[in-house]
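Me: Got a few minutes to go through this one with me? I'd like to start with the terms and then poke around.

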Amino acid sequence: MSDIIQLLPDAVANQIAAGEVIQRPASVVKELVENALDAGATEITINIKDAGKTLIQITDNGCGMSPTDARMAFERHATSKISSANDLFAIRTMGFRGEALASIAAIADVELRTKMTEDEVGTLIHIIGSEVKTQEPAACNNGTTFLIKNLFFNVPARRKFLKANTTELKHIIWEIQRIALPNPEIKITLFHNNAPLYELPQTNHRKRIVDVFGKNLNNSLVLVEEETSIVKIKGFIGQPKYARKTMGEQFFFVNGRYMRHPYFHKAVMLSYEQLLPPNTFPSYFLFMEMAPADIDINVHPTKTEIKFENDRAIWQIIHAAIRESLGKHNVVPSIDFDQSGSIDIPVPQKTNENIVFPDIQINPEYNPFDEPKQGTSGGSYNKPTSAEKKNLENWEDLYRGTQLILKPETQSFTGQNSSENLYAHSMEQFSGKKILQLKQKYILTPVKSGLMVIDQKRAHERILFEKFLEVMKSDSVASQQQLFPQTIEMNPADSALLKSILNDLLSLGFDIREFGKDTFIINGTPGVLDVSSPELIVEKLLEEYKNSPVDARSKAKEQIAISLAKASALEYGTELKQAEIDQLIDDLFACATPNFSPDGKKVLTIFPIEDFEKSFSK
Ligand code: ADP
Ligand code: MG
């Protein structure tokens, strides 16, 4: 029998290996920009066409390559960065495997122009699918330019699986962010289809974070600094009150390299324990420096997972450093859970268990004989119009003595199963009864069958949502003009999102215009809202919208109304005056669907009197 084992030709081997290193255009951007950093560049320009599918061009002012090195660079395992196995334990550079260029050249059309400062002429190399087409002296600037065209031209399966341009571009932006944040001293410019997406000047760490993520972050950032014998940590964390609904802005870097580290992430999150509103995530940008020998960056081909020798100790150090920063900025000590005005941490409600009521807070100013005061201090809470009011007068008559069945909403986007949660209860008059606010989150009021508990934020979301629906249906849109129009600057991703929903926002009463690149001017806000800080509402609205289920977005208008309702509703922790509580209840029961929030969550629940009796039976 003849021998059947063969060595794969280099081109094929490279193509297979390429799959590991280069998964999408963003991987090319990452590898080439990292090479530019390693080459000592102080300026890097990235020029992308069609999310990198057509062109990726990267120019740096680094050290350049000699004609021989330029050719060698494309060989597998060709690297100038390590020469012995020992060097592996002292890596300070981004690359060291010598795989990237060989991989890219195997699956694309690559043109390299490079010149070292001391050389008169530079080198031009053109390679397509590992085949060298041209190598010749050429006039070049100092430094290096790579042009990558037709990525995956010979790997149709890979090309076919590339996602839409918006997705591929997002990955590219993420890679740039991960490189830009730890390297503020390097000027980085990113163009997409000739439009500038980032123009990041040379600056310091803090300013770079703000340049990347937008000015809104500036007030939120708190310095973290800690130096121990095993690790030096410097960076910034976001104050809890600025925490966002998405996890986007959380970054760890070690020795200038981005890393994912779920274990250290927990240390950060635990430091914020009890400081965050539910389902929100703080921003953090933590840069660690440590001896290269104490970490192993070799565990993952794309090198975002890193092993630490002393991970438990580092965990403790991170945790302590963040607690200390939060404490210094008065975030921690100001918390006092048992006093009114403190931050409230809502506890998830488990209705199946015996309910233990925490101490009830009684508004000391409450006087049942007071006339309800007009006007509210809740800021965003709005009274119904007089016409609505008329309809609502004596709304409780509706409930008096009769069995009321509140049906859950049947609209499909609520995602709620309508066979569940049918409430049947009868209500007595509220007037003259004490209605209490509990933990600045719940409103408690006795009803005939027991104790009704209303979630104040969800109730307000429902009220606002129904108002927005009405506004969208009507022809005349009321917009509240801002005395001082606000400009709002966004990161490219948010700016694109805002543009895509701008028309729907206009129909809700916003008056927002584009005002230069990624900047918008807010001239007016919906008349039904009492907005004190328009930029904040727009920002929260975008956050909510980003978080909404993707399939719900086909009903864009409704979804935007839901997002806006969530963004502008009363926050938990807002102390309500008696008149405001009454108004909220009035408005809630004037809604078509009072017992579910617009995204299908329970607004109210009734604890039956039998449960009380049961718990006192012994
Ligand atoms: P690695 O970065 O792991 O060494 P690469 O395949 O990415 O492997 O690059 C191979 C070599 O090519 C590098 O070690 C470096 O010597 C050279 N090189 C690549 N890009 C540049 C650049 N922009 N400027 C100067 N030299 C470069
Ligand atoms: Mg490299």
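Reply: Sure. One term up front: buried means under 20% relative accessible area, exposed means over 50%, and partly exposed is in between. Also keep in mind that this is a predicted model.

Me: OK, so where does Lys499 fall, buried or exposed?
Reply: In between. Lys499 has 38% relative accessibility, so it counts as partly exposed.

Me: And which residue does the Lys499 side chain meet in a salt bridge?
Reply: Glu514, with an N to O distance of 3.6 Å. The pair links distant parts of the chain, 15 residues apart: Lys499 sits in helix H12 (residues 492–507) and Glu514 in strand E22 (residues 511–514). Glu514 is at 46% relative accessibility, so it is partly exposed as well.

Me: How many salt bridges turn up in the whole structure?
Reply: A search finds 26. As a general point, side chains of opposite charge can pair when their charged atoms come close.

Me: What about Lys546, who's the partner there?
Reply: Glu543, at 3.3 Å from N to O. Both are in helix H13 (residues 534–547), three residues apart, which is about one turn of the helix.

Me: Is Glu543 buried or exposed?
Reply: Buried, because its relative accessible area is 5%. Lys546 is partly exposed, with 29%.

Me: Got another bridge, say with Lys601?
Reply: Yes, the Lys601 side chain meets that of Asp599 at 3.7 Å, N to O. Lys601 is at 38% relative accessibility and counts as partly exposed; Asp599, at 22%, is partly exposed too.

Me: Which residues end up joined into one network?
Reply: Salt bridges that share partners connect Arg244, Glu249, Asp494, Glu539, Glu543 and Lys546.

Me: Back to Asp599 for a second. Which helix holds Glu461, and what does Glu461 touch?
Reply: Glu461 is in helix H11 (residues 456–473). Leaving aside neighbours within four places in sequence, Glu461 contacts Ala565, Lys566, Ala569, Ser597, Pro598 and Asp599. Glu461 is buried, because its relative accessible area is 4%.

Me: Switching to the ligand. Which residues come nearest to ligand 1?
Reply: Of the 19 residues around ligand 1, the nearest are Asn35, Thr79, Ser80, Lys81 and Gly98. Helix H4 (100–106) and strand E6 (143–149) each supply at least two residues of the shell.

Me: What polar atoms of the protein lie by its oxygen and nitrogen atoms?
Reply: On the backbone side, a polar atom of Gly98 is 2.8 Å from an oxygen of ligand 1, and a polar backbone atom of Leu101 is 2.9 Å from an oxygen of the ligand. From the side chains, a polar atom of Thr144 lies 3.3 Å from a ligand nitrogen.

Me: How much of ligand 1 does the protein bury?
Reply: 93% of the 530 Å² that ligand 1 exposes when taken alone.

Me: Now Ser325, what does the side chain reach?
Reply: The backbone oxygen of Leu223, at 2.9 Å. Ser325 is part of helix H9 (residues 311–328) and is buried, with a relative accessible area of 4%. Not counting residues up to four places away in sequence, Ser325 touches Val222, Leu223, Val224 and Ile237.

Me: Last one: which residues form a nonpolar patch on the surface?
Reply: Leu8, Val12 and Ile16, with about 270 Å² of accessible area together. Leu8 is in the segment before helix H1 (10–21). At 52% relative accessibility, Leu8 counts as exposed.

Note on methods:
Residues are numbered from 1 along each chain as its sequence is written. Chains are lettered from A and ligands numbered from 1 in the order in which they are written. This is a predicted model: local features need pLDDT of at least 70, side-chain atom pairs count only at pLDDT 80 or more; totals for chains, interfaces and linings use all residues. Side-chain values use heavy atoms; hydrogens and water are left out. Patches are made of residues with over 30% relative accessible area and no salt bridge: like charges are joined within 9 Å, nonpolar side chains (Val, Leu, Ile, Met, Phe, Trp, Tyr) within 5 Å. Accessible areas come from the Shrake-Rupley method with a 1.4 Å probe; for residues, only the protein chains shown count as cover. A salt bridge is a side-chain nitrogen of Lys or Arg within 4 Å of a carboxyl oxygen of Asp or Glu. Helices (H or I, at least four residues) and strands (E, at least two) are DSSP runs, numbered from the N terminus. Buried means under 20% relative accessible area, exposed over 50%, partly exposed in between (1.4 Å probe, protein chains only). A polar contact is a pair of N or O atoms within 3.5 Å; within protein, one must be able to donate a hydrogen and the other to accept it, and residues adjacent in sequence count only if both atoms are side-chain atoms. Contact means heavy atoms within 4.5 Å. A residue is near a molecule or strand if one of its heavy atoms lies within 4 Å of it.
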